[in-house]
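Trainee: I've just been handed this one and I'm new to it. Could you walk me through it?

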Amino acid sequence: MAVPERNASDDGPDPGVGPALRIGSPAGKWVLLTTVLGSSMALLDSTVVNVALPAIGRDLDASLAALQWTVNGYMLSLAGLILLGGSLGDRFGRRKVFVVGVVWFAAASLMCGLAPNVGILIAARVLQGVGGALLTPGSLAIIQASFHPADRARAVGLWSGFGGVGAAVGPFLGGWLVDGPGWRWVFLLNIPVALVCVPVALRHVPESSGTFDAGKAADGSAAPRRRFDVLGAVLGAAALALVTYALIEARSGSVLVPVTAVAGVAAGVAFVRVERRRPDPMMPPDIFSSRQFTAVNLVTLCVYAAFGGFFFLTALQLQVVAGYSALQAGTALLPITVLTLLFSARSGELAQRIGPRIPLTVGPLLCATAMLLMLRVGENASYPADVLPALLVMGVGLVTLVAPLTATVLASVDTGRAGLASGINNAAARAAGLVAVAALPVLTGMGEDAYRSADAFDAAFRRAMPLCAGVLVVGAVIAFTTVRRLAPDCRRPECRTHGSILAPPLEPRRTGQGTLGPAGPKTSGDGPTP
């Protein structure tokens with residue numbers, strides 16, 4: 001029998017809580033299975049596509065710019081709409097929006113798999129990102145709304161851990177599919193996953209709605225619902241899209257390049273003005289009044305810009321220059337996600353003891369070292385001698401910095417805004433990655449057909465890695481000079497085990513925090529100590 005719909009207001013003082021499932025119950029296991037399946041679709045597609053790029057380019061006769069758009073089309077809509085996606089679930093029902101996201105994502109995946117040309121593929125990737133923006137925050141919100149408070153942290157940890165396994169398997173699976181049935185199955189694989197996920201969600205996942213941060217008004221009545229900041233979401237996405245277009249097409253010398261660049265900056269300025277004036281902004285500017293929050297987001301921009309460029313170019317370098325097959329290239333990257341999955345929780349515990357400044361300084365420096373070690377990877381590179389050492393150092397660097405980064409983001413704002421802060425930080429990381437993918441080929445003089453020539457691509461790769469390393473060093477300097485020790489009673493991350501490599505793990509919003517939403521009254525301070 002299908003579970004009944006529940007509204008947050010039905011649960012008294014703890015808004016947003018549904019039937020309080022226990023994690024060991026059959027119903028709890030079904031909810032966990034559904035959310036893991038849904039979020040894994042989006043996570044897999046963010047890691048496997050890089051491995052498939054050379055095959056896509058050959059099959060569709062695509063230019064390097066088209067391959068950049070194949071990656072960035074997805075990241076663009078995901079980064080621009082992920083904050084709005086969480087709000088839609090709060091208003092219309094988390095299960096409903098999650099199911100819509102899964103169906104949307106699967107339909108876009110089918111469109112990707114059947115794309116007759118690269119233009120259709122890019123459009124489908126943009127649509128995939130929209131689906132990802134609905135289902136990724138939705139899966140986490142379902143867990144937060146469905147499970148008993150005593151089990152929520154463990155449920156979030158399992159969701160994050162299984163998602164990490166998916167991230168680890170993704171490049172290997174993508175390489176196997178590319179070398180076997182073909183690159184189209186990288187996308188078509190999502191169809192059977194969705195066919196399992198949707199019926200299970202409709203039958204076993206309880207519906208819930210209401211905003212976690214809602215609280216009560218002064219007269220004891222329910223706080224008013226926030227309106228959607230659609231204009232802010234459109235302006236933010238437009239700014240990213242226009243700047244990305246200008247960077248990718250800069251090689252063409254078209255008159256549209258400066259026009260779109262100026263338009264992108266103007267859209268960004270308009271976004272900031274709209275957010276300042278709206279009573280219920282998607283990204284409230286006053287959250288950046290915390291200097292620690294601003295500083296850690298600057299660190300995020302630096303490190304994830306470097307990571308975005310690194311993973312985009314490395315998957316191509318291993319295949320175009322080193323001569324690896326897609327399967328070999330995907331398998332080669334496994335140590336990074338495996339190390340992150342195995343040791344992220346311990347890294348978070350260490351940062352709690354010694355504070356975040358040292359990990360946030362050492363981590364980027366280790367990753368910068370790894371990128372310089374990648375200069376050893378050339379034609380006929382040996383995996384044990386040339387590739388593996390760099391990837392192991394990269395994995396250790398990621399382990400060192402990601403958990404402290406998330407903890408610092410959460411501790412930099414009031415508890416009632418921790419979920420919002422996590423969403424902003426996640427969107428910032430994705431935006432940084434897409435800008436790096438757009439900018440690096442221009443900065444390194446990479447031509448439209450560079451990925452077809454081992455010599456041309458290798459030369460550009462050797463210019464790109466020092467640039468990425470330099471950006472990481474800047475991030476390390478910012479962390480060392482600005483990040484402070486966290487308050488002992490601040491909120492700690494619930495996603496302790498993860499395999500995230502392209503963005504920090506999302507954190508759930510807690511229930512009953514007594515705020516009116518992002519622009520409403522704050523709770524008592526839980527930020528960093530002076």
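Mentor: Sure, let's take it question by question, bearing in mind that this is a predicted model.

Trainee: Let's start with the fold. How many helices and how many strands does the protein have?

Mentor: The regular elements here are helical, and no strand turns up. The tally comes to 16 helices and 0 strands.

Trainee: What share of the residues is buried?

Mentor: A residue counts as buried when its relative accessible area is under 20%. The protein has 530 residues to sort that way. The buried share comes to 61%.

Trainee: And what about the surface: how much of the exposed area do carbon and sulfur atoms supply?

Mentor: The protein exposes about 19,300 Å². Of that area, the part from carbon and sulfur atoms is 67%.

Trainee: Among contacts between residues at least 6 apart in sequence, what percentage joins residues at least 24 apart?

Mentor: Here we look at which contacts reach across the sequence, leaving out pairs less than 6 apart. The share that joins residues at least 24 apart is 84%.

Trainee: I see cysteines in there. How many disulfides are there?

Mentor: A disulfide needs two cysteine sulfur atoms within 2.5 Å. Cys112 is buried at 0% relative accessible area, and Cys468 is buried too, at 3%. Going by that distance rule, the number of disulfides is 0.

Trainee: Okay, on to Thr444. Which backbone oxygen lies 2.8 Å from a polar atom of its side chain?

Mentor: Thr444 sits in the loop between helix 15 (418-443) and helix 16 (454-482). Thr444 is buried, because its relative accessibility is 2%. The oxygen at 2.8 Å from its side chain belongs to Leu440.

Trainee: Which residues does Thr444 touch, not counting those up to four places away in sequence?

Mentor: With those sequence neighbors set aside, we're left with partners from further along the chain. The residues Thr444 touches are Ala460, Arg463, Ala464 and Leu467.

Trainee: There's a nonpolar patch on the surface. Which helix gives the most to it?

Mentor: The patch is formed by Val100, Trp104, Met111, Ile120 and Leu127, with about 370 Å² of accessible area together. Two elements give two or more residues each: helix 3 (94-113) and helix 4 (118-146). Trp104, partly exposed at 35%, is found in helix 3. With 3 residues, the top contributor is helix 3.

Trainee: Now the charged pairs. A search of the whole structure finds how many salt bridges?

Mentor: To count, a Lys or Arg side-chain nitrogen must be within 4 Å of a carboxyl oxygen of Asp or Glu. The pair Arg184 and Asp59 qualifies, with the closest N and O atoms 3.6 Å apart. Searching the whole structure gives a total of 9.

Trainee: How many residues apart are Arg184 and Asp59?

Mentor: Arg184 is in helix 6 (residues 184-188) and Asp59 is in helix 1 (residues 26-60), so that pair links distant parts of the chain. Both are partly exposed, Arg184 at 23% and Asp59 at 47%. Along the chain, their separation is 125 residues.

Trainee: Is Asp229, in its salt bridge with Arg278, buried or exposed?

Mentor: The side chains of Asp229 and Arg278 meet at 3.1 Å, N to O. The two lie in separate loops, so the pair ties together parts that are 49 residues apart in sequence. Arg278 is partly exposed at 22%. At 3% relative accessibility, Asp229 is buried.

Trainee: Which residue does Arg251 meet in a salt bridge?

Mentor: Arg251 is in the loop between helix 8 and helix 9, and its partner is 197 residues away, in the loop between helix 15 and helix 16. Arg251 is partly exposed at 25%. The N to O distance is 3.6 Å, and the partner is Glu448.

Trainee: Last one. Which residue in the loop between helix 13 and helix 14 has a positive phi?

Mentor: Asp61 also has a positive phi, near 50°, but Asp61 is in the loop between helix 1 and helix 2 (64-92). The one you want has a phi near 55° and is exposed at 63%. In the loop between helix 13 (357-373) and helix 14 (383-411), that residue is Asn380.

Technical notes
Residues are numbered from 1 along each chain as its sequence is written. This is a predicted model: local features need pLDDT of at least 70, side-chain atom pairs count only at pLDDT 80 or more; totals for chains, interfaces and linings use all residues. Side-chain values use heavy atoms; hydrogens and water are left out. Buried means under 20% relative accessible area, exposed over 50%, partly exposed in between (1.4 Å probe, protein chains only). Helices (H or I, at least four residues) and strands (E, at least two) are DSSP runs, numbered from the N terminus. A polar contact is a pair of N or O atoms within 3.5 Å; within protein, one must be able to donate a hydrogen and the other to accept it, and residues adjacent in sequence count only if both atoms are side-chain atoms. Contact means heavy atoms within 4.5 Å. Patches are made of residues with over 30% relative accessible area and no salt bridge: like charges are joined within 9 Å, nonpolar side chains (Val, Leu, Ile, Met, Phe, Trp, Tyr) within 5 Å. Accessible areas come from the Shrake-Rupley method with a 1.4 Å probe; for residues, only the protein chains shown count as cover.
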